[in-house]
Amino acid sequence: WPNTRIRRVGLRASIVWSIGIWIFGQGMGGLFTGAGNWFTNAPGSALFYMLAAGLLLCESCWADGRVYVWMRRAFVALFLLSALLQAWPGDANWQLTTVTSWVQSMAAMKQPTLLSHILRICALGFALHPMLWNALFTIVLLALGCLWLFKPQQPLTYRATIVWLAYTWYVGQDFGVFGGLGTDPGSAVILALLLVGTRNVEGKGEVRG
């Protein structure tokens, strides 16, 4: 929006709106239920919309590269927290009951047959070997967190993150709209936009990082 004042008002309103959605619409991402995990959208996509609006409000942090440093730290925290949630003891995660029913419900929605068929195959795999799949998901999330912590500027870190976001956007979020359960495009989309958008200021943030 060309008018700076209107743009800033809109961004602040977006933050307030996202707080309400995160608390009352997403139940704080299921963080306190004991069943929250990466595939059920924990810690909640509204948090990422708040983060994006906050970064856009801070125009100076784009000029001096702080936005890259903040996003690097945010990705470290996100993936390590998600690995902890995924590995949290309890049947909900290690039996993948929540994830399996989540994927099955999306596959039952009206959408292209190929998409729903692949989702049903994934749900069957989760149901047959839940501990193996949950261990794999935990390792992937932990590995991504370590990559962002120790190798944030490596092409492998970006490529692995994009591949993981693309996978979870389909399997966990059904592209945000096909599953019939989403109210937004999905957290994977906003995370990918934040990743690509802040990479443009990577060089400025290297000294501060």
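**A walk through an all-helix chain**

Asp-174 has a relative accessible area of 0% and is therefore buried. Buried means under 20% relative accessible area, exposed means over 50%, and partly exposed lies in between, with a 1.4 Å probe and protein chains only. Asp-174 sits in the loop between helix 9 (155-171) and helix 10 (187-199). Its phi angle is positive, about 50 degrees, although Asp-174 is not a glycine. Most residues other than glycine have a negative phi.

The model is a predicted one, in which local features need pLDDT of at least 70, side-chain atom pairs count only at pLDDT 80 or more, and totals for chains, interfaces and linings use all residues. Residues are numbered from 1 along each chain as its sequence is written, and side-chain values use heavy atoms, with hydrogens and water left out.

Next comes the chain as a whole. The protein chain has eleven helices and zero strands, so its pattern along the sequence reads α-α-α-α-α-α-α-α-α-α-α. Helices (H or I, at least four residues) and strands (E, at least two) are DSSP runs, numbered from the N terminus.

The radius of gyration of the protein chain is 18 Å, which agrees with the value near 17 Å for a compact globule of 209 residues. This radius is taken over C-alpha atoms, and the globule rule is 2.2 Å times the number of residues to the power 0.38. Along the principal axes, the C-alpha atoms fill a box of roughly 50 × 35 × 35 Å.

Of the 209 residues, 42% count as buried. The protein chain exposes about 11,000 Å², and carbon and sulfur atoms supply 71% of that area. Accessible areas come from the Shrake-Rupley method with a 1.4 Å probe; for residues, only the protein chains shown count as cover.

Contacts tell how parts of the sequence meet. Among contacts in the protein chain with a separation of 6 or more, 70% join residues 24 or more positions apart. A contact means heavy atoms within 4.5 Å.

Phe-48 gives an example. This residue is in helix 2 (residues 45-57), and it is buried because its relative accessible area is 9%. Leaving aside neighbours within four places in sequence, Phe-48 is in contact with Pro-43, Leu-78, Ser-187, Ile-190, Leu-191 and Leu-194. Phe-48 and Ser-18 are 30 residues apart in sequence, and their C-alpha atoms are 9.0 Å apart in space.

Leu-78, one of the contacts of Phe-48, leads on to Ser-82. The backbone oxygen of Leu-78 lies 2.7 Å from a polar atom of the side chain of Ser-82. In a polar contact, a pair of N or O atoms lies within 3.5 Å; within protein, one must be able to donate a hydrogen and the other to accept it, and residues adjacent in sequence count only if both atoms are side-chain atoms. Ser-82 belongs to helix 4 (residues 66-87) and counts as buried because its relative accessibility is 2%. Not counting residues up to four places away in sequence, Ser-82 touches Trp-38 and Leu-141.

Further along the chain is Leu-96, in the loop between helix 5 (91-94) and helix 6. Like Asp-174, Leu-96 is not a glycine but has a positive phi, here about 55 degrees. Leu-96 counts as buried because its relative accessibility is 0%.

Is Thr-97 buried or partly exposed? Its relative accessibility is 45%, so Thr-97 counts as partly exposed. Thr-97 is placed in helix 6 (residues 97-107). From Thr-97 to Leu-191, 94 residues apart along the chain, the C-alpha atoms are separated by 26 Å.

Ser-116 lies in helix 7 (residues 113-128) and is buried because its relative accessible area is 6%. The side chain of Ser-116 reaches the backbone oxygen of Thr-113 at 2.9 Å. Leaving aside neighbours within four places in sequence, Ser-116 is in contact with Ala-107 and Gln-111. The C-alpha atoms of Ser-116 and Ser-105, eleven residues apart along the chain, are separated by 10.0 Å.
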